[in-house]
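Student: Could you take me through one part of this structure up close? I'd like to see how the residues there fit together.

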Amino acid sequence: MKQVFTGIAELYTPRERLERAALAVQDGRFVWVGAEADLPEEYRGWPQIDLGGRSEGPSAPGGRRYLGVVPGLVDAHTHLVYGGNRLGEYLQRARGESYEAILAAGGGIYSTVRATAAASEEELYELAAARAALFLAQGVTSLEVKSGYGLLPEAELKMLRVIRRLKETLPQRIFPTLLAHVVPKGWEREKYVEMFCRELIPEVARRGLAEAVDVFCDQGAFTLEETRQILGAALSHGLKVKVHAEQIAHTGATRLAAELGALSADHLEQSTQSDWQALAKSGTVGTVLPGAAVILRKPFPDARAMWDAGVRVAIATDHNPGSSPLYSPWLAMQLTMSLGRLSAEEVLIAHTENAALALGRKDLGKIEVGARADFVVVDSSSALMPLYQWGHTPIHAVYVGGRQVFPSG
């Protein structure tokens, strides 16, 4: 399929800003990007789509309406599949109870484990698909989705089957990850880690149910040595690795991620300058999760210092029912601008190109020749308007592979 997209007032690639731009797309990839006036002759006969359409007023020259365009947003850390909710826990924390105390008492993650176990695969699919639709409406074209609320082997496989169905049916690109979240109640730690490494990871790899393995390395979850063991097993089975690092306590997980060449180290609330240096040297992405930091009242990751240290900083929502019931990538970016001290242009890079690197993909999150043609049309001539309007996200349309997927029909 060949198409040319015009009617673009302002385009962020995201590293470059263009005015009055046009895009040529063939078979789902960009083949030309530049000023509309410079569109090569070879593309002028292709079918054209005017993204802005005609204006009903005199606001645009020639009656045309020009809109802003940014790359499709990439959310590289979500827990989209789960049963139930944790509103009660949210209210407890608002009254001053800590996340750690609630978890130790059998709530928190364990509460969601029980609700997820009680839900059927069909129920989990319907709930997750509805959540994914909310992300699509805000321009999220790629989503990483973790397991981790099953804990036991069959329950984890159930979650991964749901994620595979999401991948097969949703308009977004879905990236499945097996998550070692916490040790189930009633299990000896050593036996659970052994089972995870010798039984669950090999089975998941054999069935092709995940692309990566993640470990929650923190107080109340897995130790650094256990994390090393689990990630080592993942790598031995050809799976990529990533880590929940330095959220509640400083464990050294960030430096372990860098040592192992992990895709990303995520959270980083308690990370240090030496951690950032390790990430910068290794190329492992440092993913900040603003929702969890703010909602749990933890120190906000120093995104500015990380960026300046050479870390490839990404931003993700960490959507989950407990510590980050966040549905807005734009709010995540706005918080990182305000509290993490990155610029508007930097947070856009962090939630597109850098976030794609946290999934191991260099062809997503950017508008350039050869990249996948995933992009967002903003309902404004200013492409960064959604970062300015807190609480309102002016999205006109969303495209995946050059095909409009929102609004559908």
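**A close look at the annotated site**

Tutor: Let's start with H79, keeping in mind that this is a predicted model. H79 has a relative accessible area of 2%, so it counts as buried, the cut-off being under 20%. You'll find H79 in the loop between β6 (73-75) and α2 (87-94).

Why pick that residue? UniProt, in an unreviewed entry, lists H77, H79, H244 and D318 under the feature "binding site". These four span 242 residues in sequence, yet no two of their C-alpha atoms are more than 12.5 Å apart, so they gather at one spot. There's a cavity to look at here too: H77, H79, H244 and D318 are among the residues lining the largest one.

Now, who does H79 touch? Leaving out residues up to four places away in sequence, its contacts are K146, S147, Y149, L179, H181, H244, D318, H319 and N320. Two of those names, H244 and D318, should ring a bell, as they're also in the UniProt set. With D318 there's a further detail: the side chains of H79 and D318 make a polar contact of 3.2 Å.

So let's hop across to D318. Its home is the loop between β13 (313-315) and α13 (329-338). D318 has a relative accessibility of 1%, which means that D318 is buried as well, by that under-20% cut-off. Setting aside neighbours within four places in sequence, D318 contacts D75, H77, H79, H267, L289, A292, S323 and S324. Spot H77 and H79 in that list: both belong to the UniProt set too.

D318 has one more quirk, in its backbone. Most residues other than glycine have a negative phi. The phi of D318, though, is near 55°, a positive value.

If you'd like another residue to hold up beside it, try R20, in strand β2. R20 isn't a glycine either, and its phi is positive, near 45°. Its surroundings offer a contrast: R20 is partly exposed, with a relative accessible area of 40%, whereas D318 is buried at 1%.

To put the picture back together: H79 and D318 sit in loops, their side chains share a polar contact, and both help line the largest cavity along with H77 and H244.

Terms used:
Residues are numbered from 1 along each chain as its sequence is written. This is a predicted model: local features need pLDDT of at least 70, side-chain atom pairs count only at pLDDT 80 or more; totals for chains, interfaces and linings use all residues. Side-chain values use heavy atoms; hydrogens and water are left out. UniProt positions are given in the numbering used here, feature names are shortened, and annotations may be inferred rather than shown by experiment. On a 1 Å grid over the protein atoms alone, a cavity is a set of points where a 1.4 Å probe fits but cannot get out, and a pocket is an open set with protein on both sides within 12 Å along at least five of seven lines; lining residues have an atom within 4 Å of a point. Helices (H or I, at least four residues) and strands (E, at least two) are DSSP runs, numbered from the N terminus. Buried means under 20% relative accessible area, exposed over 50%, partly exposed in between (1.4 Å probe, protein chains only). Contact means heavy atoms within 4.5 Å. A polar contact is a pair of N or O atoms within 3.5 Å; within protein, one must be able to donate a hydrogen and the other to accept it, and residues adjacent in sequence count only if both atoms are side-chain atoms.
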